Amino acid sequence: MIHLRALLALIATFCLAACSNAAPPVQLNTVKEGKPALWKVTGTKPEQKGSAYMFGTIHILPKDVNWRTPLLEIALKDSDRLIIEVLGLEDTQNAARIFSKLAISPDQPEIETRVEPSLRDDLDAVIDKSNIPEFALNRMESWAAALSLASAQTNALGLESSEGVEKKLIAQFADFKKPVEGLETIEQQLGYFDTLPESQQRDMLTSVVEEAADTKGAFEKLFNAWISGDTDKIVELSSGGILEDPKTREKLLVARNQDWAEQLDKRLQSPGISFVAVGAAHLVGPDAVQAMLEKRGYKIEKIQ
């Protein structure tokens with residue numbers, strides 16, 4: 001079963017990038033160097049004039065990790081633009097305002113009533129370690145409380161969004177003086193969680209509590225699969241937990257992949273090379289963005 005904070009590292013940029021500050025690093029049993037998966041997308045029809053590289057990311061990373069390879073650097077330099085999930089996260093005040101607007105609603109039940117009685121002591125322990133005031137969580141919708149607590153647990157490992165792949169790539173393309181584009185807005189990404197039924201939101205919250213004891217182990221498995229390019233392992237890790245529910249999976253993963261494939265198909269009707277960097281869970285398995293592009297006639301090659 002994939003842990004929620006590991007899932008967030010794979011599929012959702014916002015909370016891990018903008019939610020609390022990192023603690024001092026803990027010792028992680030993670031690989032220091034590797035070759036994350038990289039794909040090349042080329043058209044086979046006359047109207048498919050463009051091409052793309054597709055690179056699965058983790059939104060937060062330990063320090064002193066070498067995920068860059070000569071082939072990756074060639075792909076980056078060859079590309080005319082960078083396409084990421086969400087633009088605007090560097091404006092943390094605006095991102096926080098958007099989060100608050102969606103996350104806080106009047107007349108929410110107390111947070112402890114949203115989990116089973118048998119989990120309430122564990123929830124209290126998770127809240128205590130998060131340094132998030134309980135009164136603040138009581139005002140949040142269940143999805144927002146779950147994301148906030150999950151983000152706090154990951155940050156307790158000493159991981160920082162400044163070490164995330166996207167931030168490094170954005171800075172690199174700024175040096176290249178090449179444009180950076182987004183597939184979603186902050187509102188859109190948070191909206192996928194905000195519109196989940198309450199029962200699914202509470203499942204998220206329950207997952208955070210139940211998985212709290214193994215935050216470190218879950219991240220280590222995820223990170224080592226990513227940096228080694230083990231896409232089969234990423235599929236395994238991203239197929240359980242809250243994504244076991246077909247409706248949740250459709251909302252958080254499949255529908256977004258379909259939307260991105262549609263956007264990328266339109267971009268690839270024009271000449272040029274795009275470098276697409278999105279959460280690794282979006283690029284593995286039968287519902288991967290590349291699989292959807294392949295159905296539209298594109299040639300997909302795994303080149304790393």
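Visitor: Why is Asp64 called exposed?

Guide: Asp64 has a relative accessibility of 71%. The term exposed is used over 50% relative accessible area, buried under 20%, and partly exposed in between (1.4 Å probe, protein chains only); therefore Asp64 counts as exposed. This is a predicted model, in which local features need pLDDT of at least 70, side-chain atom pairs count only at pLDDT 80 or more, and totals for chains, interfaces and linings use all residues. Residues are numbered from 1 along each chain as its sequence is written, and side-chain values use heavy atoms, leaving out hydrogens and water.

Visitor: What makes the phi of Asp64 notable?

Guide: Most residues other than glycine have a negative phi. Asp64 is not a glycine, yet its phi is positive, about 60°. Asp64 belongs to the loop between strand S2 (51-57) and helix H3 (70-78); helices (H or I, at least four residues) and strands (E, at least two) are DSSP runs, numbered from the N terminus.

Visitor: How do you know that Lys177 is exposed?

Guide: The relative accessible area of Lys177 is 75%, so Lys177 is exposed. Lys177 lies in the loop between helix H8 (165-176) and strand S4 (180-184), and has a positive phi of about 60° although it is not a glycine.

Visitor: What makes a set of residues a nonpolar core?

Guide: The term denotes buried Ala, Val, Leu, Ile, Met, Phe, Trp, Tyr and Cys residues joined through side-chain atoms within 4.5 Å. The largest nonpolar core has 38 residues, and Leu137, Trp143, Leu149 and Met204 have the most contacts inside it. Helix H7 gives the most to this core, eight residues.
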